[in-house]
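The following exercises concern a predicted model. Each task is followed by a solution in steps.

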Amino acid sequence: MGAFRPSLSVLWWVPRGIIFGLMAFFIFGPLFNMLLWTVTEKWYFPHALPLEYGFSAWKRVFEPRGGALESLGNSLVVAVLTVAVSLALAVPAGYALARLKLPLRSLILLAFLIPQAFPNLTVYVNVARIFYEIGLNGTIAGVVLVHVSHGLVYAVWIATAAFSAIDVELEQAARSIGAGAFRAFRDITLPLAAPGLLASAIFVFLESLDEFTGSYFVGAPDVNMLPLLLYTAGSGGNYQVASITALLLLVPSLIFMLIVERFLKADVLSRVGR
Amino acid sequence: MSGAGFLELDRVATGYGATQVMKDIDLSIGSGEFVALLGSSGCGKTTLLRVLAGFVAPTSGHVRVRQKDVTTLPPDKRGMALVFQSYALWPHMTVAQNIGYGLKLKGMGSAEIGSRVSAMQSMLGLDGLGDRKPGALSGGQRQRVALGRALVIDPQILLLDEPLSNLDARIRLTVRHELRALQQRLGITAVHVTHDREEAMVMADRIVILDAGRIAQQGRPEEVFNRPATSFVAAFMGAENLLHLQVAVDGSDVVITPGQAQAAGRVPLFGRSLVSGAVEARFRPEAARLYPLHAMPEAGPGLSLVGEVLSVTYPGGAWRHVVRLGDRDVLADAPRAHAAGETVNVFVPHEALFLFNRPANAAGSSISGPESRKAFA
């Protein structure tokens, strides 16, 4: 009996191992496949692994003609501008919403969801038409505007949660010893909300980085973005270029996810959308 | 206290929406005076403090400091500093930064701030803690940082919102005296909100008792304690024992009609404004005297009662008896224990007996709610 027990518990690891293995395969399999493609020179069907390895695809991508650098530059500029505009709107809006009384507040929070409530294609086709008429189509500003409308829901919701996690009395304590309303906000509320605001900035940044539909209808062909490059390369069967582009998109996401995980504390998360 | 009318509340009323929290509060506080606002939870005392501080706008009335109307001034322009019940220390700043923030706001140089902050720290016994964050402090230390942060800017008026209620009972007793000594030394005008009767008695020059948004009575601690103006104040100040009597006013005396438990008696009117009829009689357990039946000595005017001891406990100092008097139970203290079941005489000397005419519509028992009982305990 005593010898039987440990062998039973070892046996239990078999189904567990299979499940974990499958999960790992579904998550890391595609990623590994993508990584392989980035260093592949030649790889076709019956072969499980690439036939030739090399970095020629990287050279092609980063050639001026390859357009990757331009797309990367565009994507980063748009993402940074989107974050700046979103935060500029979300900080005052989130602060006001956090200090407002309830029924009105949830209504306004809900209103920020409206851009997500309709199919993206329908919305962006019409946005593109309107932007075309007022000359915003094919400009960085136009793409930024589209991304802001999309990212604002994250920015405002998280900023609201970050501000409502801060006790009003902390602000009042500053007011009562002589700080004006703005000074108290700058010295007390803003630093305390900073981790939550940083998290919301990162969400908006990531959303902007891989937003496709809006970028396609409003930006292309004048403003090329990384997801467009990825799409073109992928649909053209150029898996090397597609994989390298995907990697470029993935790296900032992974880094920022780690940062977000560090900064988004439970007391802020628990207030999102409330 | 000199300079009466330093801080004045003139017919102040507040409310949230349709509910009125406070009605017609008139209060005049002298310079250097320590005033305690005493009342049970929800009586509006914290709201009143917030009106003073400028965080709640009164629906009507005026707040004046040195005859200057400050009713519409924002909190930072009032020269008052509020110490919060939660302390509200800023978690992202060190102790020294918390204390020095008010000086920084005044545009003071960092060297000057440093010396003032360290002076404040040593005055409050916070030496060596300047670099800590509030999260790394004990409750008592946090309380002192909150106090230091308010005091360092030399406010004209210090507002204290139950600053001792989150402290351990033992620390609280010493902090009471420290805070009072500090206030007297600095000559600051202080308004202190509390629900703790003893705290108010020990610390304040004047006690203002609030009941349902009104001032029930104000006066020196001994006045409020010994001459409560209403049945509520009497109950709040510890006279929890309640009896219903019939009396007749006869010249300068009050004649007590004998009843189920009480003997006939005669006590001087003693400045009470009473009319003949039903009255509420209140007295403190420690003011009552207990004797074995028929062994009561002649002891001046007062209320004599007969009852049966239901139980006896020893809370310290004296034996506390629950005595059944007719249909009511009262608490009475005695230096020696009387066994349960024993029939005893209870005597309340007239100066410790509080008599109030019963309002025509209100039942007397509603006054002695759980809140006042808590305050007494």
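**Exercise 1.** Locate A:Leu22 in chain A and classify its exposure.

*Solution.* A:Leu22 is placed in helix α1 (residues 4–38) of chain A. Its relative accessibility is 46%. Buried requires under 20% and exposed over 50%, so A:Leu22 counts as partly exposed. A:Leu22 also belongs to a nonpolar surface patch, together with A:Leu8, A:Leu11, A:Trp12, A:Val14, A:Ile18, A:Phe25 and A:Phe26. The accessible area of this patch is about 890 Å² in total.

**Exercise 2.** Determine whether the end-to-end distance of helix α5 (residues 169–186) of chain B agrees or disagrees with its expected span, then describe its buried residues.

*Solution.* The helix has 18 residues. The expected span is 1.5 Å times one less than the number of residues, which gives 26 Å for α5 of chain B. Its end C-alpha atoms are 26 Å apart, so the two values agree. The buried residues of α5(B) are B:Val175, B:Arg176, B:Leu179, B:Arg180, B:Leu182 and B:Gln183. Among the elements of chain B that cover them are β3 (34–38), α3 (110–123) and β8 (189–194). After α5(B) comes B:Gly187, with a positive phi near 65°.

**Exercise 3.** Classify the ring pair A:Tyr95 and A:Phe185.

*Solution.* Over all chains, the structure holds 12 aromatic pairs. For A:Tyr95 and A:Phe185, the ring centres are 4.9 Å apart and the planes lie at 70°; the pair is therefore edge-to-face. The pair joins helix α3 (residues 68–99) of chain A, which holds A:Tyr95, to helix α9 (residues 181–209) of chain A, which holds A:Phe185, 90 residues apart. A:Phe185 counts as buried because its relative accessibility is 14%, whereas A:Tyr95, at 22%, counts as partly exposed.

Conventions
Residues numbered from 1 in each chain as written. Chains lettered and ligands numbered in written order. Predicted model: local features only at pLDDT ≥ 70, side-chain atom pairs only at ≥ 80, totals over all residues. Heavy atoms only, no water. Patch = residues over 30% accessible without salt bridge, like charges linked within 9 Å, V, L, I, M, F, W, Y side chains within 5 Å. Areas by Shrake-Rupley, 256 points an atom, 1.4 Å probe, with all protein chains shown as cover. Salt bridge = Lys/Arg side-chain N within 4 Å of Asp/Glu carboxyl O. Helix = DSSP H or I, 4+ residues; strand = E, 2+ residues; numbered from the N terminus. Buried < 20%, exposed > 50% of the residue type's maximum accessible area, 1.4 Å probe, protein only. Contact = heavy atoms within 4.5 Å. Phe/Tyr/Trp six-rings, centres within 6.5 Å; stacked < 30°, edge-to-face > 60°.
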